[in-house]
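Dear colleague,

I am passing on a structure that you have not worked with before, and I have written down below what was found in it. Please open it alongside this message and follow the residue numbers as you read.

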Amino acid sequence: MKRPVIAATAFYDKEQKYAYMTHPIFRCLERLGAVVLTLPFVEKESEDLYNSLLDRVDGVLFTGGSDLPAEAYGEENRGKVQYPAKPRDRVEFGILPYVIERGIPALGICRGLQLINTHLGGTLYQDLEEDVKTPHLNHEYEVEPYNQIIHKVKVTDQVRAQELFGQTCFGVNSIHHQAIKDLGQGLEILVRSEDNFVEAIHMPNHPFLVGVQWHPEFLYEEEGPHRKILENFIQAAKDYREGI
């Protein structure tokens, strides 16, 4: 069987004005059986362009990275939105509706989870330290190596979470200062953190539209929930290709 082709959304260097991809994304998906392509930025959006890109792939990975613009969820930037990336915002918000409409498997990591939620009408905490006054964990643990387990998560949908992650209680890394506030339409929560923030979501009526707030690409090397979610994503991409 041919390897499924996964399009991974690119990171953006604002100063140098170029797109790039981090090695852990390529490495984990390749080692688990996929071919990875970088989804290009676009100068002029069109339905034909996005569908032509999607005709060539079996799944889309919405990667982590820079913050989404606050305007995308109806707020003003209060100075906490980090590393704006308009070319990236354009292609990700542009192509996601077609991914959903066509039933193409998609996995959102960190920013990717927030993108899915925002596109479907949800909102975000712009900055957990500023917006949340009650005691909570430090979710912005940006200290290498990134494969450190920072906190545990608890499953809210036992059946679906067991299918996707193979476990109902596990630990995750944590490299984010924003989080889901209001859930987008058509989405359900799969996993919450110990301090009750949303850590994983899915769309039940889509073949595979899943978002996780942590970074499984740094944690996949051992058997467990992080490898399992990536393997399930790749299998969904294979199933999609066979069904066309």
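What follows covers the sheet and then the pockets.

Please keep in mind that this is a predicted model. An open sheet of nine strands runs through it in the order S4-S1-S5-S6-S13-S12-S11-S8-S9, and its pairing is mixed. At its edges are strand S4 (35-39) and strand S9 (169-172), each of which pairs on one side only, while neighbouring strands of the sheet are turned against each other by 25° on average, direction ignored.

Within this sheet, strand S1 (residues 5-9) and strand S5 (residues 59-62) run parallel and are joined by three bridges, and Ala8 has Leu61 in S5 as its bridge partner. Helix H1 (residues 23-31) lies across S1, S4 and S5, and runs at about 150° to S4.

Turning to the pockets, the largest has a volume of about 670 Å³. Its lining is made up of 28 residues, of which Phe11, Gly64, Gly65, Ser66 and Tyr83 are the closest to the centre. Strand S2 (11-13) and helix H4 (111-119) each supply at least two residues of this lining, which divides into eleven nonpolar, ten polar and seven charged residues.

The second largest pocket has a volume of about 160 Å³, and its lining consists of Arg27, Tyr146, Asn147, Glu217, Phe218, Leu219, Tyr220, Glu221 and Glu222. These residues divide into four nonpolar, one polar and four charged.

With best wishes

Technical notes. Residues are numbered from 1 along each chain as its sequence is written. This is a predicted model: local features need pLDDT of at least 70, side-chain atom pairs count only at pLDDT 80 or more; totals for chains, interfaces and linings use all residues. Side-chain values use heavy atoms; hydrogens and water are left out. On a 1 Å grid over the protein atoms alone, a cavity is a set of points where a 1.4 Å probe fits but cannot get out, and a pocket is an open set with protein on both sides within 12 Å along at least five of seven lines; lining residues have an atom within 4 Å of a point. Grid points are joined across faces, edges and corners, and a volume is the space filled by probe spheres set on the points. Helices (H or I, at least four residues) and strands (E, at least two) are DSSP runs, numbered from the N terminus. Ala, Val, Leu, Ile, Met, Phe, Trp, Tyr, Cys and Pro count as nonpolar, Asp, Glu, Lys and Arg as charged, and the others, Gly among them, as polar. Two strands pair if DSSP finds at least two bridges between them. Axes are lines fitted to C-alpha atoms, for helices over the stretch in contact, and angles run from 0 to 180 degrees between N-to-C directions. Contact means heavy atoms within 4.5 Å.
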